[in-house]
2 protein chains.
Amino acid sequence: MNETAFISTDEMLKHWQGHRALTRRAIEVFPEEALFTYSIGGMRTFGELALEMLRMAVPTAEGAATRVWPTSFSGDLTTKAALLERWDADTARLNELWAAIPPERFEEDDVAFGAFPGKINWLLQYVIDNEIHHRGQGYVYLRALGIEPPAFYER
Amino acid sequence: MNETAFISTDEMLKHWQGHRALTRRAIEVFPEEALFTYSIGGMRTFGELALEMLRMAVPTAEGAATRVWPTSFSGDLTTKAALLERWDADTARLNELWAAIPPERFEEDDVAFGAFPGKINWLLQYVIDNEIHHRGQGYVYLRALGIEPPAFYER
């Protein structure tokens with residue numbers, strides 16, 4: 001088995017924070033009145049999808065860093081301002097938690113939140129992929145609302 | 001600078017092929033008559049988005065493996081069967097090309113297709129992220145068409 005690194009943990013954090021900056025811009029341009037009300041095809045609103053991102057990001061990094069999985073998420077956010085404020089607080093918190101993940105931990109098996117088995121790098125990657133997936137859906141909502149989403153290639 | 005590996009190149013290929021298998025299922029369940037005609041908010045059809053994924057994946061892996069960037073993409077596919085056939089051929093081709101990427105190459109700077117500067121791992125990651133982003137948009141199209149998309153967590 002080839003054990004060449006594809007990407008370092010430092011690069012991966014930078015990559016994720018670049019994606020998070022893009023998601024923040026998508027939240028910013030989303031019309032306040034549509035954020036928690038507009039949806040297509042019975043899907044969740046973009047506000048609900050953004051809340052899911054927040055519920056996954058810091059708690060997963062916390063479990064990775066401390067080996068203790070949080071069981072609750074505080075905050076029932078209902079406005080754009082509250083979402084963005086939490087987003088920024090979590091940006092700083094993610095940097096702290098990421099730095100505290102022991103190097104050998106990324107290849108360890110664990111069960112996130114007592115429910116989702118996988119290696120730590122796989123679990124973190126899942127959270128990032130989930131954000132990209134749902135942000136892409138938010139882009140469709142924005143287009144349907146006649147609003148230009150932020151450029152995907154800018155991070 | 002911490003140089004711990006987040007994920008190995010072997011794991012990354014497996015991760016990508018897992019995503020590609022999911023995207024293939026999304027193409028499979030997409031109604032043939034809507035694949036190249038249906039869209040929301042003036043966006044591209046899911047067929048066009050899938051074609052973009054094909055235009056990026058193998059050519060980027062080829063540039064990574066050979067240091068020569070292809071300048072054309074053959075095939076003007078217009079049916080689901082043709083897309084899926086190309087998808088499967090490219091799955092095999094990606095495995096071959098990935099194995100041919102020199103280990104030190106992932107951290108090298110290059111200019112993909114003479115136009116997009118970046119490290120090889122960043123360029124490959126961009127192609128994967130772009131697939132996740134656009135597949136998420138295909139999920140909205142599917143929901144709007146009343147069709148259940150494949151489960152995101154199955155790869």
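Which residues in H3(B) meet which residues in H5(B)? The close-ups below come from a predicted model, and the second view gives the full answer.

**View 1. Here is how H3(B) and H5(B) lie against each other.** Helix H3 covers residues 46–66 of chain B, and its axis comes within 10 Å of the axis of H5(B). The two axes cross at roughly 165 degrees. Angles over 145 degrees count as roughly antiparallel, so that's what we call H3(B) and H5(B). Their crossing is left-handed.

**View 2. Now zoom in on the residues where H3(B) meets H5(B).** On the H3(B) side you'll find Phe46(B), Leu49(B), Glu52(B), Met53(B), Met56(B), Ala57(B), Thr60(B) and Ala64(B). They meet Ile120(B), Leu123(B), Leu124(B), Val127(B), Asn130(B), Glu131(B), His134(B), Gln137(B), Gly138(B) and Tyr141(B) in H5(B). Sorted by class, this contact has 11 nonpolar, 5 polar and 2 charged residues.

**View 3. This one shows the side of chain B that touches chain A.** Here 31 residues of chain B are in contact with 31 residues of chain A. On the chain B side, strand E1 (5–8), helix H1 (9–29) and helix H5 (120–144) each chip in at least two residues. H5(B) gives the most, with 12 residues. What's the mix by class on this side of chain B? It has 14 nonpolar, 13 polar and 4 charged residues.

**View 4. Last up, a strand from chain A pairs with a strand from chain B.** Strand E1 of chain A (residues 5–8) and E1(B) pair in the antiparallel sense, over 3 bridges. Look for Ile7(A), which stands opposite Ile7(B) in E1(B).

Conventions: Residues numbered from 1 in each chain as written. Chains lettered and ligands numbered in written order. Predicted model: local features only at pLDDT ≥ 70, side-chain atom pairs only at ≥ 80, totals over all residues. Contact = placed C-beta atoms within 7 Å. Helix = DSSP H or I, 4+ residues; strand = E, 2+ residues; numbered from the N terminus. Nonpolar A, V, L, I, M, F, W, Y, C, P; charged D, E, K, R; others polar. Pairing = 2+ DSSP bridges. Axes fitted to C-alpha atoms, helices over the stretch in contact; angles between N-to-C directions. Parallel < 35°, antiparallel > 145°, perpendicular 65-115°, else oblique. Left-handed = near helix turned anticlockwise from the far one by under 90°.
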